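Reader: I should like to learn how to read a structural model of this kind. May we proceed feature by feature, with the general idea stated before the particular case?

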Amino acid sequence: MIEFRNVTKTFQTKGQAITAVEKVSLTVEAGDIFGIIGFSGAGKSTLLRLVNLLEKPTEGEVLINDKSLTDYTKKELRQQRRDIGMIFQNFNLFTSRTVAKNIAYPLELAGVAKAEIKHKVEELLRFVGLSDKAKHYPEQLSGGQKQRVGIARALATSPRILICDEATSALDPNTTADILQLIQKVNKELGITVLLITHEMQVIEAICNRVAVMEEGRVIESGTVFDTFTNPQHATTKRFISATEQDLPSAHLLEKWSGSQLYRLIFKGDKASDPLLSQATRKHQVDVNIIYGTVKELQQRFFGNLIVSFEGEEQKIQAVLQELRQAIEVKEVAIA
Amino acid sequence: MKVDWQTFWPRIVEATGQTLTMVIATLIFSTIIGTIIGLTLFATRKGGILENRWVAIILNLGINIIRPIPFVILLVALMPLTRTVVGTTIGTAAAIFPITIAASFVVARVVENNLISIDPGVIEAAEAMGASPLQIIRTVLIPEALGPLVLGLTFVTVSLIDFSAVAGTVGGGGLGHIAMTHGYQRFDTSVIVVTVVILIILVQLAQWLGNTLSSKILRR
Ligand SMILES: Nc1ncnc2c1ncn2[C@@H]1O[C@H](COP(=O)(O)OP(=O)(O)OP(=O)(O)O)[C@@H](O)[C@H]1O
Ligand SMILES: [Mg+2]
């Protein structure tokens, strides 16, 4: 649906060239909620703006449904842009227009008849849950409500793609969750492909099925959210993940266990719901201490990461470990 | 020689009418011309919706040459051109031409400054929705900047009252002319006082109108 083919974007500023996006190749399939994550300055916004040609690629091409937007005339390009809705971190609503008029704007541009606009706006207001705010001005809305208006406006021309530039970065955690749910509803109910960028792993975790990690203009890792999250390859990816779930408790807490060997148990998918640990320890009469860890849901699958210690005869502990290793990943934890 | 107020009042009324004519006419003309220049300046600047280096350079150069010229000097310098365009250099109609020229460049800068303060994200949002440059000008730039723009134009209106008084002293008619001929040249303080009071009232009125209108637009 969206295909980046070896895309590079270089900005010429006074005296120097800044390569914001470098040789990026990525494919976003129809129906995806595709997340791009990266630290500030990684080139995420630039990459996103290449999709609707707010930036022109310096090299390579971006294909939308197998066609490059650079092949269109200016007029055709404006037509094509109606097929790609966009929402923004700062909402970018028109302050001189009411909520209803903001949503009507892209339809007015498209020359849709008044009665039809009215009907469509009402429908969109219902979809985003703001029917009572039609006549309000943006400054009378909360951040979350503003983003709902942004989403309604982006959906007005019934696009097939929605691109989101840090759509929840200006919102508190609760509102973020609401907006993410709405984006998911857009994807599921309207069948719209979503490409979003963020610097928050929680956003990816909550709604994306696929993810790409960007650093210094390049995509350093990409794949399904589950695989990338449970088996990160690149140091930067690991940093993002450890930002949401710390790998280890602090050294201060770990001191308590300095005498004993700690193990990290990693459960993925169905394994996380099997009573493996309790079965193995009961069978060999070993006690288990769960010291630290998380169990979470990713793409409707479990992912568990536990740090444990065992108490019992060494031989029996080894037997437990052997049994566990057959089903899940077990690593020894070195305490510094 | 003191004026006879009995017969002089009608002349004051007539002069006030001339001043108002000059101010209103030049406000309309310079708003139209200045807005077009200001929009062009904004659209053609680097990264603008109709980026065009040469148009931007030439317009900026033009404005930077004309604006620093004191209005009295511009008025005199433009006389030959005024004669060609209006047919005379005396009277209210002849004053409107140079005032419009001077004010248009002021309006152009006011418009440009107000456009610059629009959040670029909003313009980008319109572009992303498929708006053409002309649509952006009509449906985003003008409505989004309108509130502060009205305040800016109010400020310009006050300068127009000032310009019209200056133009009056060199034959443009209006209150400036009366103050000059009767007040200054014939040492009649009462005429000066009356014209000054009327000018102050006009300025207050313009300011009040502008403030009211802009707060209506800005909803505060
Ligand atoms: N129009 C531009 N002109 C010059 N340099 C630019 C331009 N746009 C972006 N850049 C540069 O390109 C690099 C990537 O910027 P970009 O905005 O894409 O990063 P980002 O990942 O979105 O960062 P953030 O999370 O802070 O929004 C930065 O170094 C930035 O300074
Ligand atoms: Mg960004």
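Reader: How many salt bridges does the structure hold over all chains?

Author: Please bear in mind throughout that this is a predicted model. In general, side chains of opposite charge can pair when their charged atoms come close. The structure holds 17 salt bridges over all chains. One pair to examine is A:Arg160 with A:Asp83, whose closest N and O atoms are 2.8 Å apart.

Reader: Which parts of the chain does that pair link?

Author: The pair joins distant parts of the chain, 77 residues apart. A:Arg160 sits in the loop between helix H5 (143-155) and strand S7 (161-165) of chain A, while A:Asp83 belongs to the loop between helix H2 (74-81) and strand S6 (84-88) of chain A.

Reader: Let us turn to sheets. What is the order of the strands in the open sheet of chain A?

Author: The general idea is that strands of a sheet pair through backbone hydrogen bonds, either parallel or antiparallel. Here, four strands of chain A form an open sheet in the order S2-S1-S4-S5, and the pairing is antiparallel. S2 and strand S5 (67-68) of chain A are the edge strands, each pairing on one side only.

Reader: Over how many bridges do S1(A) and S4 of chain A pair?

Author: S1(A) pairs with strand S4 (residues 59-64) of chain A over five bridges, in the antiparallel sense. To locate this pairing on the display, one may look for A:Glu3, which stands opposite A:Leu63 in S4(A).

Reader: The next topic is the ligand. Which residues come nearest to ligand 1?

Author: A useful approach is to begin with the surrounding residues and then to inspect individual contacts. There are 13 residues around ligand 1, and A:Ser40, A:Gly41, A:Lys44, A:Ser45 and A:Thr46 come nearest. By class, the shell divides into five nonpolar, six polar and two charged residues.

Reader: What distances separate ligand 1 from polar atoms of the protein?

Author: Two side chains and one backbone position may serve as examples. An N or O atom in the side chain of A:Ser40 is 2.5 Å from an oxygen atom of ligand 1. For A:Ala42, a polar backbone atom is 3.1 Å from a ligand 1 oxygen. A polar side-chain atom of A:Thr46 lies 2.5 Å from an oxygen atom of ligand 1. Taken alone, ligand 1 exposes 640 Å², of which the protein buries 62%.

Reader: Which elements give two or more residues to the shell around ligand 1?

Author: They are strand S1 (2-13), strand S2 (16-28) and helix H1 (44-51) of chain A. H1(A) provides the largest share, three residues. Two of these elements, S1 and S2, also appear in the open sheet discussed above.

Reader: How should I set record annotations beside the model, and what does UniProt list for each chain?

Author: One reads the annotated range from the record and then examines the computed secondary structure over that range. For chain A, an unreviewed UniProt entry gives "domain: ABC transporter" at residues 2-241; this span is 39% helix and 28% strand. For chain B, an unreviewed entry gives "domain: ABC transmembrane type-1" at residues 16-210, where the model is 85% helix and 0% strand.

Reader: How many helices and strands are there in chain B, and where does UniProt place the feature "transmembrane region"?

Author: Chain B has nine helices and zero strands. The unreviewed UniProt entry places that feature at residues 20-42, 54-79, 85-108, 145-170 and 190-210 of chain B. Residues 20-42 of chain B are 100% helix, with end C-alpha atoms 31 Å apart. Residues 145-170 of chain B are also 100% helix, and their end C-alpha atoms lie 37 Å apart.

Note on methods: Residues numbered from 1 in each chain as written. Chains lettered and ligands numbered in written order. Predicted model: local features only at pLDDT ≥ 70, side-chain atom pairs only at ≥ 80, totals over all residues. Heavy atoms only, no water. UniProt positions renumbered as here; feature names shortened; annotations may be inferred. Near = heavy atom within 4 Å. Polar contact = N/O pair within 3.5 Å; in protein donor to acceptor, adjacent residues only side chain to side chain. Areas by Shrake-Rupley, 256 points an atom, 1.4 Å probe, with all protein chains shown as cover. Nonpolar A, V, L, I, M, F, W, Y, C, P; charged D, E, K, R; others polar. Pairing = 2+ DSSP bridges. Salt bridge = Lys/Arg side-chain N within 4 Å of Asp/Glu carboxyl O.
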